[in-house]
Amino acid sequence: MKDLFVKRFEYYKSLGDKTFDQLTDEQMFWQYNEESNSIAVIVKHIAGNMLSRWTNFLTEDGEKSWRNRDGEFVNTFTTKEQVLDFWEKGWKCFFDALEKINDDNMYSTTYIRGEAHPVIDAVLRQLAHYPYHIGQMVYIAKMIKNEDWNTLSIARNRSQEFNTEMKTKFLSSEQDTNSSPVCFQNSPEVRDEYKQ
């Protein structure tokens with residue numbers, strides 16, 4: 001199960017990485033209006049959440065006393081490099097924590113703001129939370145780049161072609177693989193999970 005989680009989160013991280021690759025320093029800080037978050041601010045929130053939730057997650061509450069969640073929505077970065085460094089720091093903390101999950105502790109209790117959760121539920125919360133914000137970043141980047149945006153999923157008006165390619169690829173494969181067009185992962189673990 002842990003390996004499945006890691007693969008899914010690696011996929012969503014890659015969407016962020018591929019988004020950043022298309023943006024200039026200035027574009028990382030663009031806001032639609034005063035009430036909107038820039039990509040830099042969203043990164044600050046995601047990584048801040050990761051550092052708080054996953055540092056010593058088996059022994060400490062996920063809402064650390066040193067976290068300033070409100071401050072995560074105020075930009076303090078000045079360069080794209082600073083944003084990306086914090087992004088990587090958050091993901092490293094999170095992936096390191098995922099590596100500590102095993103059959104013995106997956107259903108043990110962890111706490112977030114004093115509320116008890118099985119470890120697996122704490123992970124599932126983030127499987128909804130992080131992609132939600134990564135989707136925001138992708139949407140902002142698409143607005144900024146407009147016709148210069150390089151799609152991260154199936155290209156517009158190319159669904160049928162993609163479906164044909166996938167069927168051809170996986171029908172000819174002797175290995176039982178996951179052909180999910182959403183995640184683009186070749187993961188037998190996923191396929192086995194949903195075979196019922």
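This report describes the fold, one hairpin, one buried arginine and the positive phi angles of a predicted model.

Residues are numbered from 1 along each chain as its sequence is written. Local features need pLDDT of at least 70, side-chain atom pairs count only at pLDDT 80 or more, totals for chains, interfaces and linings use all residues, and side-chain values use heavy atoms, with hydrogens and water left out.

**Overall picture**

The chain contains 7 helices and 2 strands. Helices (H or I, at least four residues) and strands (E, at least two) are DSSP runs, numbered from the N terminus. Along the sequence their order is α-α-α-α-β-β-α-α-α. Of the 196 residues in the chain, 42% are buried; buried means under 20% relative accessible area, exposed over 50%, and partly exposed in between (1.4 Å probe, protein chains only). The accessible surface of the chain is about 11,600 Å², and carbon and sulfur atoms hold 48% of that surface. These areas come from the Shrake-Rupley method with a 1.4 Å probe, and for residues only the protein chains shown count as cover.

Contact means heavy atoms within 4.5 Å. Among contacts in the chain with a separation of 6 or more, 69% join residues 24 or more positions apart.

The average pLDDT of the chain is 90, and 88% of the residues score at least 70. pLDDT is the predictor's confidence in each residue, from 0 to 100. Over residues 190-196 pLDDT stays under 50, and the model has 11 contacts beyond four places in sequence for this stretch.

**The hairpin and helix α5**

Strands β1 (residues 109-112) and β2 (residues 115-118) pair in the antiparallel sense over 4 bridges. Two strands pair if DSSP finds at least two bridges between them. The covered face of β1 has Thr110 and Ile112, while Thr109 and Tyr111 are on the uncovered one. Tyrosine 111 stands opposite alanine 116 in β2. The hairpin has 2 residues between the strands, and arginine 113 has a positive phi near 55° there.

Helix α5 covers residues 119-145. Its 27 residues should span 39 Å at 1.5 Å a residue, and the end C-alpha atoms are 39 Å apart, which agrees. The expected span is 1.5 Å times one less than the number of residues.

**Arginine 67**

Arginine 67 is in the loop between α3 (39-54) and α4 (80-98). This arginine counts as buried because its relative accessibility is 10%. Its side chain makes polar contacts with the side chains of glutamate 63, at 2.9 Å, and glutamate 72, at 2.7 Å. A polar contact is a pair of N or O atoms within 3.5 Å; within protein, one must be able to donate a hydrogen and the other to accept it, and residues adjacent in sequence count only if both atoms are side-chain atoms. Apart from neighbours within four places in sequence, arginine 67 is in contact with residues including His45, Asn49, Glu72 and Arg113.

**Two asparagines with positive phi**

Most residues other than glycine have a negative phi. The table lists two asparagines with a positive phi.

| Residue | Phi | Loop | Relative accessibility |
|---|---|---|---|
| Asparagine 56 | about 50° | between α3 and α4 | 41%, partly exposed |
| Asparagine 146 | about 55° | between α5 and α6 (159-171) | 53%, exposed |

Asparagine 146 comes just after α5.
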